[in-house]
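Dear colleague,

Please find the structure below. My notes on it follow.

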Amino acid sequence: MRHLVIGASGQVGGYLWNKLNHDKEDVIGTYFSHPVKNQVKCNFTDAAQVTKLIQDNKPDVVWIPAALPDVDRCEREPELSNLLNVKAPSQVGELARDNGAKLVFFSTDYVFDGTSGPYRETDVPHPLQVYGQHKVEAEKFLLQNVPGALIIRPAWIYSEEPNPRNFVFRIVEQLKNGHTVRAATDQINTPTDSRDLGERALAAVNRGDYGIRHMVGPDRLSRYDLALKIAMTHGFSPSMVEPITTASLNLPARRPLNGGLVTIYTMGS
Ligand SMILES: NC(=O)c1ccc[n+]([C@@H]2O[C@H](COP(=O)([O-])OP(=O)(O)OC[C@H]3O[C@@H](n4cnc5c(N)ncnc54)[C@H](OP(=O)(O)O)[C@@H]3O)[C@@H](O)[C@H]2O)c1
């Protein structure tokens with residue numbers, strides 16, 4: 001199978017890119033503003049660029065981990081969020097369909113409001129912020145217009161990669177520099193290891209899964225408990241993690257509190 005990963009320079013896309021290369025699969029990866037060796041530049045908002053990429057390479061699977069996943073930036077810049085989280089993936093979905101490729105899109109647990117988590121695939125989305133609203137719009141478009149599309153919803157993705165976009169790395173760097181870390185005790189979720197996500201996503205594609213699939217880790221815990229776990233695993237004192245409430249952060253975008261996902265499907269791993 002030939003894979004095209006649009007956004008292979010990101011956290012999720014980067015893991016997929018490494019895994020597919022490691023497995024000696026036929027893979028083309030793209031970056032946008034963070035160049036990565038052997039990847040090609042692509043702006044996925046530009047239909048002509050994506051069309052050329054698909055027609056030149058004829059992928060069997062088109063993956064879209066590319067997005068604007070910065071929840072607060074989406075709230076401040078809803079037009080940019082609409083472009084990157086709705087219009088671009090919808091357009092790529094149509095191009096994949098028209099060229100006979102399977103489409104895999106990454107959505108989010110933020111499609112839910114966090115009043116009664118954890119949520120199943122059959123629960124009805126009710127987002128609290130622009131990011132979640134736009135992901136729901138993209139999901140609906142792809143489900144209606146791209147037959148066979150697979151939509152994966154992870155939550156709180158983390159990895160051990162030394163990348164400032166990675167939550168674990170940011171916390172460890174702060175602690176190493178002697179700073180305390182503040183983390184909310186009232187945001188509860190199901191963190192997802194990006195390696196595990198990549199492997200399960202590939203297994204789902206190989207099985208021919210389509211529709212919505214939740215893919216998260218086995219633990220359900222607060223941001224505070226997660227930060228505490230990270231601090232202790234890396235040999236720092238638990239006293240360096242300060243419990244706070246989400247409200248005290250005055251964030252532009254509302255967060256689901258009692259959130260997280262469960263899956264009603266057997267994931268094969
Ligand atoms: N991170 C989380 O905790 C989390 C949780 C739930 C769901 N998700 C979803 O999972 C997916 C992957 O998230 P992530 O954490 O891997 O995000 P990320 O690390 O921020 O990566 C985003 C990717 O999108 C690319 N991109 C941005 N603008 C682009 C453009 N105009 N054209 C082409 N590519 C563009 C970036 O390329 P450059 O970096 O080269 O510019 C990067 O490769 C997203 O759909 C996100 O909504 C993430």
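Seven strands make an open sheet in this predicted model, paired in parallel and ordered β3-β2-β1-β4-β5-β6-β11. The edges are taken by β3 (40-41) and β11 (211-214); each has a single partner strand, so one side of each has no neighbour in the sheet. Within the sheet, β1 (residues 2-6) and β4 (residues 61-64) are joined in the parallel sense by three bridges. In that pairing Val-5 is opposite Trp-63 of β4.

For the protein as a whole, the count is eight helices and 13 strands. The radius of gyration is 18 Å, close to the 18 Å given by the globule rule for 269 residues, so the protein is as compact as a globular protein of that length. The C-alpha trace spans about 55 × 40 × 35 Å along the principal axes. Of the 269 residues, 52% count as buried. Taking contacts between residues at least 6 apart in sequence, 76% join residues at least 24 apart.

On the surface and charges: the accessible surface is about 12600 Å², and 50% of that belongs to carbon and sulfur atoms. There are 29 positive and 30 negative side chains, with the centres of the two sets 2 Å apart.

Some backbone details may be worth a look when you open the file. Most residues other than glycine have a negative phi, and most peptide bonds are trans. The exceptions I noted are these:

- The peptide bond from Gly-117 to Pro-118 is cis, with omega near 0 degrees. Pro-118 sits in the loop between β5 (102-106) and α5 (130-145).
- Lys-58 is not a glycine but has a positive phi of about 45 degrees. Lys-58 belongs to the loop between α2 (47-57) and β4, and is exposed because its relative accessible area, 62%, is over the 50% cut-off.
- Trp-156 also has a positive phi, near 40 degrees. Trp-156 is in the loop between β6 (150-153) and β7 (157-158). With a relative accessible area of 11%, which is under 20%, Trp-156 counts as buried.

One last residue is Thr-245, in the segment after β13 (241-244). Its relative accessibility of 39% makes Thr-245 partly exposed. Leaving aside residues up to four places away in sequence, Thr-245 touches Ala-184 and Asp-186. From Thr-245 to Asn-43 the C-alpha to C-alpha distance is 38 Å, and the two are 202 residues apart in sequence.

Regards

Key
Residues are numbered from 1 along each chain as its sequence is written. This is a predicted model: local features need pLDDT of at least 70, side-chain atom pairs count only at pLDDT 80 or more; totals for chains, interfaces and linings use all residues. Side-chain values use heavy atoms; hydrogens and water are left out. Helices (H or I, at least four residues) and strands (E, at least two) are DSSP runs, numbered from the N terminus. The radius of gyration is taken over C-alpha atoms; the globule rule is 2.2 Å times the number of residues to the power 0.38. Buried means under 20% relative accessible area, exposed over 50%, partly exposed in between (1.4 Å probe, protein chains only). Contact means heavy atoms within 4.5 Å. Accessible areas come from the Shrake-Rupley method with a 1.4 Å probe; for residues, only the protein chains shown count as cover. Lys and Arg count as positive and Asp and Glu as negative; His and the chain ends are not counted. The place of a charge is taken as NZ of Lys, CZ of Arg, CG of Asp or CD of Glu. Two strands pair if DSSP finds at least two bridges between them.
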